[in-house]
Every structure is written in C-alpha cells, then in structure tokens.
Amino acid sequence: MLRYLREKHPPKGYKNEDIPQECEVPDWVQERKVPDWAVNCGPNLLEGREGGSQDREGFVWRPGMEKCTEGIWVWSEVFVCKAGDEDVAVVLMDTQGAWDARMSKEQSATIFGLTTLLASRLIYNVSKQIQQDKIDNLLYFTDFAKAALRAMQRGTGSVSEPFQTLEFLVRDWPHYQENFNFKDARNMMKNHLDQYFNPKKSQDTKSVEALVDLFHDIDVWCLPHPSLKIESETWNGDLAVIEKQFWRYIDGYLDKIFDPAQLQAKQNLGNAITVSTFGTVLREFSSAFSDAAPQAQTFSEAMEAQIGFRF
C-alpha cells in the first residue's frame, strides 16, 4: 500500500530517487507483469525487515512464526487522495494479530475496537476463507467500539451504522481459475461473502444483522497465495519470488480501495474528522475506552448480550 500510494499520490517532499534504484528492470518484472508501483522503489522489501536500516521504507516485518506488530502502528506519511470531488488525507495503520497470547481478551478487544473507531475502511485479514468464528470474534471486538461510542455520546442517542466499511481480505485464496477475468473473480468473491451475509444463505442471521447494523458497507476481496517461498524464515524480501497471479489481484485490489468512488473521509458520529479535529477525536476515543472496557465480560457473555444467543 505504501509503494502504491507513493507512486500514485506521493506525499510532499517524497522522491522515489531518495531510495536506491536498480539500473535495469529485472526480467521477472515483465514476465510476471509486475505493476510499476511495486518495483519502482526497489525489487525487494529488505529495508522493512526487522533489524534492517532505521530509515525504513515501510512497516517493519519479520518472516517466520514470531509476531512483529504490537498494538497499533501508524505510518508517518500522509497521502492526499481524492474521495469523490474532495481531497482527503489517507493514513495507513497496521494492527497486531487477534488474540495475542500475551494480552487478555479485553486488551486485544480494546486494540481492535480502537482500530474500528479510527478506520474509515477496516480491513479484516483472514486465512483461506471467511469463517463463523472470525465473524464472532469481530462482533466481540466491535462491542468495545460500540461501548466507547456510547461513552462519547453521553446519552444523546444511538447512531445507525456507526462504522463505515468492513472488508474481509481473504489471503491464500486457492479457487481462482487461470482464465478468470475480474468479473468472474468478483462474482466468486461476492458469492463467498453471501454464504455468510446473505440472510437467505447464512446459518447465523443474528450475527449478520448485528454486523450489518454496525457497518455502512461490508465487502470482500480474495488474494491468491503470493508464494510458498515467502514462508521461509530465510526470505529476505525479494519480490522476484512472488507469483504472477498474486500481482494481478493485489494491483486490482489497491485500484479498488483507493478509487475516488470508494475512498471516504473518516466520519465520527456523522461528522467528518478534519486535520484540526483529529488529535481531539483521538484523545476522546482513548478516553472513552477507559469507560468502555469494564463493560466487556467473557467472550460468551459479550456474545449473549450483543446478539442474543448462548454458547
């Protein structure tokens, strides 16, 4: 995402030539139809690897099983993009994985609840397919966010669909055919989402209704596996190992979410957050969670209270 936005919407003062360039375009770039934005600032992600240069070009990452991201990380560059006819500031956030072993359920839910409050597009990364337990986890997290909103509203009433866009990003999706065009792929994605969010097909309509009531829009995008080679602990960020099909779908995905027709300014209780109000709103969100956290009980109790069934 950082490479895409730097190429399409470079922040003030940023120059691609600040990052060492390759003298020649490697053969694999053309063979695999790699988009320009992915390699214009170098053919590997080595700078972002943990323990690398302090002047990193992207979020820190680490190969293997050990986690790297803790809490919520916000990238320091702000990208000015079009959302319809207006300019909006796009800020990227990276959030730790769900159910961190070192944190309580309440601490994890607070992190994800705060992420939900801050994000205009909440991208929920799941492996291989959407599953009911992932939806249940999401409902537990958003219960904290709802409680924080109630604390902020101070009894002024509820807001329908308080959050904007929820997107399930299904990674390592194995079902695309070689001859698929994007229309075929989108139909497959939508059919997969419908299995869980179409009331006529879903086996858990209460969960569906709860999430639909929280988010203005719910969407999905499925990405094929980039390459088994990236799972090795010795992978150094070399983009040459990424498969051709992955480049096609990641390029299409970023075109979609940063399209002016898709991009939205962040709303808070019906009002757009501006540059001048962002700091105040962030402090209010953080303060509200101090009041919201005690309302969360166990996972089962939270689910029972929220969507009316018992485990």
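**Why these labels fit: helix H7, an aromatic cluster and Pro-226**

Helix H7 (residues 205-214) has Ser-207, Val-208, Ala-210, Leu-211 and Leu-214 as its buried residues. The model is predicted, so local features need pLDDT of at least 70 and side-chain atom pairs count only at pLDDT 80 or more, while totals for chains, interfaces and linings use all residues. Residues are numbered from 1 along each chain as its sequence is written, and side-chain values use heavy atoms, leaving out hydrogens and water.

Me: What puts the buried residues of H7 on the same side?

Reply: They cover an arc of only 165° around the axis, so they lie on the same side of H7. The arc is taken from the directions that run from the helix axis to the C-beta atoms. In general, an α-helix has 3.6 residues a turn, so residues three or four places apart point the same way. Helices here are DSSP runs of H or I with at least four residues, and strands are runs of E with at least two, numbered from the N terminus.

Me: How many aromatic pairs does a search of the whole structure find?

Reply: The search finds 13 aromatic pairs.

Me: Why is the pair of Phe-182 and Trp-221 called tilted?

Reply: Rings of Phe, Tyr and Trp (its six-membered ring) pair if their centres lie within 6.5 Å; planes under 30 degrees apart are stacked, over 60 edge-to-face, and the rest tilted. Here the centres are 6.2 Å apart and the planes meet at 45°, so the pair is tilted. Phe-182 belongs to helix H6 (residues 182-197) and Trp-221 to strand S7, 39 residues apart.

Me: Why is Trp-221 called buried, and Phe-182 partly exposed?

Reply: Buried means under 20% relative accessible area, exposed over 50%, and partly exposed in between (1.4 Å probe, protein chains only). Trp-221 has 3%, so Trp-221 is buried; Phe-182 has 32%, so Phe-182 is partly exposed.

Me: What makes Trp-221 and Tyr-253 a tilted pair?

Reply: Their rings are 5.7 Å apart, centre to centre, with 35° between the planes. Trp-221 lies in strand S7 and Tyr-253 in helix H8, so the pair ties together parts 32 residues apart in sequence. Tyr-253 is buried too, because its relative accessible area is 1%. Both rings belong to one aromatic cluster with Tyr-176, Phe-180, Phe-182 and Tyr-249.

Me: Why does Pro-226 count as buried?

Reply: Its relative accessibility is 9%, so Pro-226 counts as buried. Pro-226 sits in the loop between strand S7 (215-222) and helix H8 (244-257).
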